[in-house]
Amino acid sequence: MSSLTNTLRALAVAACSLALVAPATVARAEPSTAELTRRIDKSSAELQDVVESHNELREKIKDNRAAVDRLQERIGPLEQQAEQSRADVGRLAVTAYKTGNLGAAEALLRTDDSTSMLDRLGTLDHLTRQRQATVASYTADQQRLLDEKTRLDVTLSRQAAQSRELAAAKRRIERDLAKLYEMRRQAYGRATERPTNNSGSANDAPSVSGQAGVAVRFAYGALGKPYAWGQDGPNGYDCSGLTSAAWRAAGKSLPHNTKMQWGKVAKISRGELRPGDLVFYRSLGHVAIYVGDGQVIHAPTFGRNVEKRAVDLMPPYGYGRVR
């Protein structure tokens, strides 16, 4: 019995010794593919929202640049007009200085001609009104010019701030995208899907007439091309880039932003869907183009390729028709 006791004591001492020398760290299991996929989907959705905000900001910068061009076009003629008004007022000032502004009194007092007093008073009133109009025109021209220049300064300041914000958004996207691609490599062995051998062709598109048919055929031609954030082709697309490019091919202008596209389309019901219509998802965080037979074509997300899926690939937010 004592021998057994001694043996047990020895084993206990050995176990304690091992516990003391063993590393204090606890082994952690690598996340499963399912867990990585869940993280990838969550990160992709969040990053897509950032991309759409980036796209919206870029569209606003385009609008601002157009506004700057319009303002500068208006300022040129206004400057010329204001300069002419300034010259007119200058001539009035020179005349008043040279004459001592006594012309009115002399005209009234002079009696050595046959002009009646009423005629002379009428002439003076006309001259006074002309001078008042000249001065008023000068003042108005100067104010219009000042207002336009103020608007231009505000627009340029806004554009500069937006450009800084755009650059910051781009840096964030690229930083977060590197992390996302690393997760994809861990989960799938590569950061992006392999190019598909069955890339789409406009010849595969259903027969649809008119501009909608052009947009649908364009979308079919984009099948298999990679998702590329901020891009509207021809080598890659994000979701709103694909729909804007498809409809641009059909002669319609859509902003490269999902929320802005929702603001431009005519809202329709699901029962009214026809090829070429747009289907919106994720509270306007994603958009696809309907191609008929319950199917849409869309640029899904980072690392994926343009694909055709059922319209219920996720719960739709709403449906719109390009006008």
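Helices and strands here are DSSP runs, with helices of at least four residues and strands of at least two, numbered from the N terminus. The model is predicted, and these exercises walk through parts of it.

**Exercise 1. Place Gln-231 among the elements and describe its surroundings.**

Step 1. Start with the element: Gln-231 sits in the loop between α5 and α6.

Step 2. Next comes accessibility. Gln-231 has a relative accessible area of 38%. Buried would need a value under 20% and exposed one over 50%, so Gln-231, at 38%, is partly exposed.

Step 3. Now look for partners beyond four places in sequence. Gln-231 touches Gly-236, Tyr-237, Asp-238, Gly-241 and His-256.

Step 4. Finish with a distance you can check in the viewer: 8.2 Å separates the C-alpha atoms of Gln-231 and Leu-242, which are 11 residues apart along the chain.

**Exercise 2. Find which elements build the largest nonpolar core, and explore the contacts of Phe-302.**

Step 1. The largest nonpolar core holds 42 residues, and Trp-247, Leu-278, Ile-289, Ile-297, Phe-302 and Val-306 have the most contacts inside it.

Step 2. Two or more residues each come from the helices α2 (33–99), α4 (117–188), α5 (210–222) and α6 (239–249), and from the strands β2 (278–281) and β3 (286–292). Helix α5 gives the largest share, 6 residues.

Step 3. Another core, of 10 residues, lies apart from the largest one; Val-279, Ala-288, Val-311 and Leu-313 are among its members.

Step 4. Go back to Phe-302 and set aside neighbours within four places in sequence. Its contacts are then Ser-44, Leu-47, Gln-48, Val-51, Leu-177, Leu-180, Tyr-181, Arg-184, Tyr-227 and Trp-229.

**Exercise 3. Work out, for three salt bridges, where the partners sit and how accessible they are.**

Step 1. A general point helps first: side chains of opposite charge can pair when their charged atoms come close. The structure holds 15 salt bridges.

Step 2. Take Arg-282 and Asp-49, whose side chains meet at 3.2 Å, N to O. This pair links distant parts of the chain, 233 residues apart: Arg-282 is in the loop between β2 and β3, and Asp-49 is in helix α2. Arg-282 is partly exposed at 24% relative accessible area, and Asp-49 is partly exposed at 35%.

Step 3. Move to Asp-176 and Arg-172, a salt bridge of 3.4 Å, N to O. Both lie in helix α4, and because they are 4 residues apart there, about one helical turn separates them. Arg-172 counts as partly exposed, with 39% relative accessibility.

Step 4. Then try Arg-321 and Asp-277, which meet at 2.9 Å, N to O. Arg-321 belongs to strand β6 (residues 316–321), while Asp-277 is in the loop between β1 (266–268) and β2, 44 residues apart from it. Here Arg-321 and Asp-277 are both buried.

Step 5. To round off, pick out a network: salt bridges link Glu-193, Arg-304, Glu-307 and Arg-309.

**Exercise 4. Decide where to read the model with care, using pLDDT.**

Step 1. Begin with the whole chain. The average pLDDT is 79, and 71% of the residues score at least 70.

Step 2. Look at residues 1–5: pLDDT stays under 50 there, and the model has 0 contacts for them beyond four places in sequence.

Step 3. Continue to residues 10–27. Here too pLDDT stays under 50, with 0 contacts beyond four places in sequence.

Methods. Residues numbered from 1 in each chain as written. Predicted model: local features only at pLDDT ≥ 70, side-chain atom pairs only at ≥ 80, totals over all residues. Heavy atoms only, no water. Core = buried A, V, L, I, M, F, W, Y, C linked by side-chain atoms within 4.5 Å. Buried < 20%, exposed > 50% of the residue type's maximum accessible area, 1.4 Å probe, protein only. Contact = heavy atoms within 4.5 Å. Salt bridge = Lys/Arg side-chain N within 4 Å of Asp/Glu carboxyl O. pLDDT = per-residue confidence, 0-100.
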